[in-house]
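Work through the exercises below with the sequence and the 3D view open. Try each task before reading its solution.

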Amino acid sequence: MENGLTAGGLYAFARLLSAESLASKKARLFAATLTDAALAAQMQRLAQRHAQRFASLLALLEE
């Protein structure tokens, strides 16, 4: 992995990945438990955005 990140940078990146993953999981859980269909749909969209951010960050590491 020749990405030029320092140990501190990798640590920060790992924290970002963890935060995005957790946010996505929580939003999916909230979407599943909400009784208001409109709010549940918004939570699903939010979960998807966090999942996309996670995938984008991971792709940066794999370059």
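The exercises go from the whole chain to one helix and then to two of its residues; the model is a predicted one.

**Exercise 1. Describe the overall form of the protein chain.**

Step 1. Count the secondary structure elements: the protein chain has two helices and zero strands.

Step 2. Compare the radius of gyration with the globule rule. A compact globule of 63 residues would come to near 11 Å, whereas the protein chain has 15 Å.

Step 3. Look at the extents. The C-alpha trace spans about 45 × 20 × 10 Å along its principal axes.

Step 4. Check which contacts hold the count. Of the contacts with a separation of 6 or more, 56% are between residues 24 or more positions apart.

**Exercise 2. Describe the surface and the charges of the protein chain.**

Step 1. Take the accessible surface, which is about 4,700 Å². Carbon and sulfur atoms account for 62% of that surface.

Step 2. Find the buried share: 17% of the 63 residues are buried.

Step 3. Locate the charges. There are 7 positive and 5 negative charges, and their mean positions lie 12 Å apart.

**Exercise 3. Test whether the length of H1 fits its residue count, and find its buried residues.**

Step 1. H1 covers residues 7-33. Its 27 residues, at 1.5 Å a residue, should span 39 Å.

Step 2. The end C-alpha atoms of H1 are 39 Å apart, so the span agrees with the expected value.

Step 3. List the buried residues of H1: Phe-13, Leu-17, Glu-20, Ser-24, Ala-27 and Ala-31.

Step 4. Consider the spacing of such a list. An α-helix has 3.6 residues a turn, so residues three or four places apart point the same way.

Step 5. Ask what lies over these residues. The cover of the buried residues of H1 includes helix H2 (37-62).

**Exercise 4. Decide whether Ser-24 and Ala-27 are buried or exposed, and name their contacts.**

Step 1. Place both residues: Ser-24 is in helix H1, and Ala-27 is in helix H1 as well.

Step 2. Apply the cut-off of under 20% relative accessible area for a buried residue. Ser-24 has 7% and therefore counts as buried. Ala-27 has 4% and is therefore buried too.

Step 3. Leave aside neighbours within four places in sequence. Ser-24 is then in contact with Ala-47, His-50 and Ala-51, while Ala-27 is in contact with Met-43, Leu-46 and Ala-47.

Step 4. Add one distance. Ala-27 and Ala-40 are 13 residues apart in sequence, and their C-alpha atoms are 9.0 Å apart in space.

Methods
Residues are numbered from 1 along each chain as its sequence is written. This is a predicted model: local features need pLDDT of at least 70, side-chain atom pairs count only at pLDDT 80 or more; totals for chains, interfaces and linings use all residues. Side-chain values use heavy atoms; hydrogens and water are left out. Helices (H or I, at least four residues) and strands (E, at least two) are DSSP runs, numbered from the N terminus. Buried means under 20% relative accessible area, exposed over 50%, partly exposed in between (1.4 Å probe, protein chains only). Contact means heavy atoms within 4.5 Å. The radius of gyration is taken over C-alpha atoms; the globule rule is 2.2 Å times the number of residues to the power 0.38. Accessible areas come from the Shrake-Rupley method with a 1.4 Å probe; for residues, only the protein chains shown count as cover. Lys and Arg count as positive and Asp and Glu as negative; His and the chain ends are not counted. The place of a charge is taken as NZ of Lys, CZ of Arg, CG of Asp or CD of Glu. The expected span of a helix is 1.5 Å times one less than its number of residues.
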